[in-house]
Amino acid sequence: MEADGLEWLVVPVHQLVSWGAAGAMVFGGVVPYIPQYRDIKRTQNAEGFSTYVCLVLLVANILRILFWCGRHFESPLLWQSIIMIITMLLMLKLCTEVRVSNELNVKRRSFSDFDLNYFWHWSKFTDYVQCVLTFTGVTGYITYLSLDSFLFVETLGFLAVFTEAMLGVPQLYRNYQNRSTDGMSVKMVLMWTSGDTFKTVYFILNQAPFQFSICGLLQVFVDMAILLQVYFYSYYPQKPASHTAHPASTKAL
């Protein structure tokens with residue numbers, strides 16, 4: 001009798017928790033980039049942030065949306081991808097404006113040059129948008145032609161989450177190159193770690209496609225490796241690696 005009396009409270013609380021978890025999934029992924037965005041805007045220096053992080057997330061979330069077309073999964077994960085794409089474009093816009101304003105007498109590069117040496121190091125934000133639209137159009141067309149193939153759809157899903165799992169690798173490599181984590185927001189990485197842990201648990205509990213859970217765990221391991229870099233380079237400062245002077249040396253990884 002008492003259990004029946006509490007039922008009116010348990011059901012709405014459960015619903016509220018479900019809504020909260022879904023909201024955290026949709027918007028939680030973009031929160032780590034707020035302190036990094038503010039740091040770049042405040043210092044007018046984007047050297048410590050790897051714009052290849054934006055590339056990885058754009059590719060991963062575009063592929064995830066295409067995967068949804070072949071195999072529907074929970075709508076919060078779909079909305080998360082849409083919000084993340086918008087956020088990464090905003091990050092790219094800021095980083096491009098800051099970097100170009102700090103570069104003097106440097107030849108302007110564009111997407112239409114098709115120069116692989118300067119890939120993802122263009123001078124205008126519109127070039128990045130053109131690249132993203134081209135990638136979306138090509139992969140979207142291929143997906144449309146192959147939606148009937150179970151193998152293709154499952155492979156697409158794996159590529160989507162595996163690419164996202166590699167999110168921290170460009171930042172990990174950039175820190176290794178610089179022998180330092182200066183300019184990188186530690187708050188961002190801490191939020192990556194907590195968010196990826198929550199996300200992986202969410203995948204497991206909600207029985208998301210297995211690709212999501214496996215790659216979520218991998219993503220947590222990469223986050224932990226970056227945090228180890230923060231500790232190591234803080235307590236054991238390294239001599240910066242020397243680089244040969246070359247126009248491409250300004251390339252933001």
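Which residues have the most contacts inside the largest nonpolar core? They are Tyr33, Ile40, Phe49, Met88, Trp120, Trp192 and Phe212, in a core of 51 residues. Two or more residues of this core come from each of the helices H2 (33-43), H3 (52-70), H4, H5, H6 (150-165), H8 (186-205) and H9 (210-235). H3 gives the largest share, with 11 residues.

**The model and its confidence**

The structure is a predicted model. Its chain has an average pLDDT of 82, and 88% of the residues reach at least 70. By element, the highest confidence is in helix H5 (residues 125-146), with a mean of 95, and the lowest is in helix H1 (residues 2-28), with a mean of 68. Over residues 242-253, pLDDT stays under 50. For that stretch the model has 25 contacts beyond four places in sequence. Where pLDDT is low, the predicted coordinates should not be read in detail.

**Overall build**

The chain contains nine helices and zero strands, so the order of elements from the N terminus is α-α-α-α-α-α-α-α-α. Of the 253 residues in the chain, 42% are buried. Among contacts with a separation of 6 or more, 79% join residues that lie 24 or more positions apart.

**Selected residues**

The table gives the place and relative accessibility of four residues.

| Residue | Place | Relative accessibility | Class |
|---|---|---|---|
| Gln36 | helix H2 | 1% | buried |
| Thr87 | helix H4 (residues 75-102) | 15% | buried |
| Arg179 | loop between helix H7 (169-178) and H8 | 24% | partly exposed |
| Phe114 | loop between H4 and H5 | 64% | exposed |

Thr87 counts as buried because its relative accessibility of 15% is under the 20% limit. Leaving aside neighbours within four places in sequence, Thr87 is in contact with Val30 and Tyr33. Tyr33 is also one of the residues with the most contacts inside the largest nonpolar core.

Gln36 has a relative accessibility of 1% and therefore counts as buried as well. Beyond four places in sequence, Gln36 touches Phe49, Met91, Gly183, Met184, Ser185 and Met188. One of these, Phe49, is named among the core residues with the most contacts.

Trp192, another residue on that list, touches Pro32, Tyr33, Val53, Leu167, Gly168, Gln171, Asp223 and Ile226, again leaving out residues up to four places away.

Phe114 and Arg179 lie in loops. The phi of Phe114 is near 55°, a positive value in a residue other than glycine. Arg179 is not a glycine either, and its phi is positive at about 55°. Phe114 is exposed, at 64%, because the limit for that class is over 50%. Arg179, at 24%, is partly exposed.

**Cavities**

How many cavities of 30 Å³ or more does the structure hold? There are two. The largest has a volume of about 50 Å³. Its lining consists of Arg64, Val161, Glu164, Lys199, Phe203, Phe212, Cys215, Gly216 and Gln219. By class, this lining has four nonpolar, two polar and three charged residues. H6, H8 and H9 each supply at least two of the lining residues, and H9 gives the most, with four. Phe212, part of the lining, is also listed among the core residues with the most contacts.

How values were computed:
Residues are numbered from 1 along each chain as its sequence is written. This is a predicted model: local features need pLDDT of at least 70, side-chain atom pairs count only at pLDDT 80 or more; totals for chains, interfaces and linings use all residues. Side-chain values use heavy atoms; hydrogens and water are left out. pLDDT is the predictor's confidence in each residue, from 0 to 100. Contact means heavy atoms within 4.5 Å. Buried means under 20% relative accessible area, exposed over 50%, partly exposed in between (1.4 Å probe, protein chains only). A nonpolar core is a set of buried Ala, Val, Leu, Ile, Met, Phe, Trp, Tyr and Cys residues joined through side-chain atoms within 4.5 Å. On a 1 Å grid over the protein atoms alone, a cavity is a set of points where a 1.4 Å probe fits but cannot get out, and a pocket is an open set with protein on both sides within 12 Å along at least five of seven lines; lining residues have an atom within 4 Å of a point. Grid points are joined across faces, edges and corners, and a volume is the space filled by probe spheres set on the points. Ala, Val, Leu, Ile, Met, Phe, Trp, Tyr, Cys and Pro count as nonpolar, Asp, Glu, Lys and Arg as charged, and the others, Gly among them, as polar.
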